[in-house]
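Student: Please take one part of this model and walk me through it closely. I would like to see how that part sits among its neighbours.

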Amino acid sequence: MKRKINVGLIGTGRIGSLHSEYLAYHIPDANLVAVCSIVGGRAEKVASKLQIPSVFRDYQRIMEDEDIEA
C-alpha cells in the first residue's frame, strides 16, 4: 500500500477552495492536513467542511511544519 503525502494548502479563496476539494476527494495519494488563509473565516470554513485538522492564518506555519510534505 502506498503512503499518502501530507499536504498543506495556502490560500482558501475561490480557486484554493476548489483545490482543497480535489485534494480531499479526488487525489487518493494526498492527505490534506492543513489549510491557511489570511482572510478570517475562510480557512476555518474549508477545514470544517473537509475535516482538515489544522488551520492557520500565517503561511509560515505550514512551511515550517515538518509533517507537511507538499
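Tutor: Helix 2, residues 42–50, lies across strand 2 and strand 3. Its direction makes an angle of about 150° with strand 2. Keep in mind that this is a predicted model.

Start with the side of helix 2 that is hidden. Four of its residues are buried: A43, V46, A47 and L50. They span an arc of only 100° around the axis, so they sit on the same side of helix 2. Now turn to the other side. There, K45, S48 and K49 are exposed. To count as exposed, a residue must have over 50% relative accessible area, while buried means under 20%.

What covers the buried residues of helix 2? The cover includes helix 1, strand 2 and strand 3. Take these in turn, beginning with the strands.

The sheet is open and has three strands in the order 1-2-3, with parallel pairing. Strand 1 (5–10) and strand 3 (54–56) are at the edges. Each has a single partner strand, so one side of each has no neighbour in the sheet. From one strand to the next, the twist averages 30°. Strand 2 covers residues 30–36 and pairs with strand 1 in the parallel sense through six bridges. Within that pairing, I5 is found opposite A30 of strand 2.

Next comes helix 1, residues 14–25. It lies across strand 1 and strand 2, and it runs at about 165° to strand 1. One residue in helix 1 is I15. Is I15 buried, exposed or partly exposed? I15 has a relative accessible area of 46%, so it counts as partly exposed.

Now look at the interior. The largest nonpolar core has 11 residues, and all four buried residues just named for helix 2, A43, V46, A47 and L50, are in it. The other members are V7, L9, L23, A30, L32, V35 and I52. Strand 1, strand 2 and helix 2 are the elements that each give two or more residues to this core. Helix 2 provides the largest share, with four residues. L23 is a good place to trace the contacts. Leaving out residues up to four places away in sequence, L23 touches V7, L9, A30 and L32. There is also a second, separate core of six residues, among them A34, C36, F56 and I68.

Go back along the chain to the approach to helix 2. S37 is in the loop that links strand 2 and helix 2. Its relative accessibility is 6%, so S37 counts as buried. A polar atom in the side chain of S37 lies 3.1 Å from the backbone nitrogen of V39. Beyond its neighbours within four places in sequence, S37 has contacts with T12, R42, A43, F56 and R57. Of these, A43 is one of the buried residues of helix 2. F56 belongs to the second core.

Finish at the other end. Just after helix 2, Q51 has a positive phi of about 55°. Compare its position with that of I15 in helix 1. I15 and Q51 are 36 residues apart along the chain, and 19 Å separates their C-alpha atoms.

To recap, helix 2 has buried residues on one side and exposed residues, K45, S48 and K49, on the other. Its buried residues are part of the cover-and-core picture: helix 1, strand 2 and strand 3 are among what covers them, and helix 2 gives the core its largest share.

Technical notes:
Residues numbered from 1 in each chain as written. Predicted model: local features only at pLDDT ≥ 70, side-chain atom pairs only at ≥ 80, totals over all residues. Heavy atoms only, no water. Pairing = 2+ DSSP bridges. Axes fitted to C-alpha atoms, helices over the stretch in contact; angles between N-to-C directions. Contact = heavy atoms within 4.5 Å. Core = buried A, V, L, I, M, F, W, Y, C linked by side-chain atoms within 4.5 Å. Buried < 20%, exposed > 50% of the residue type's maximum accessible area, 1.4 Å probe, protein only. Polar contact = N/O pair within 3.5 Å; in protein donor to acceptor, adjacent residues only side chain to side chain. Arc of directions from axis to C-beta.
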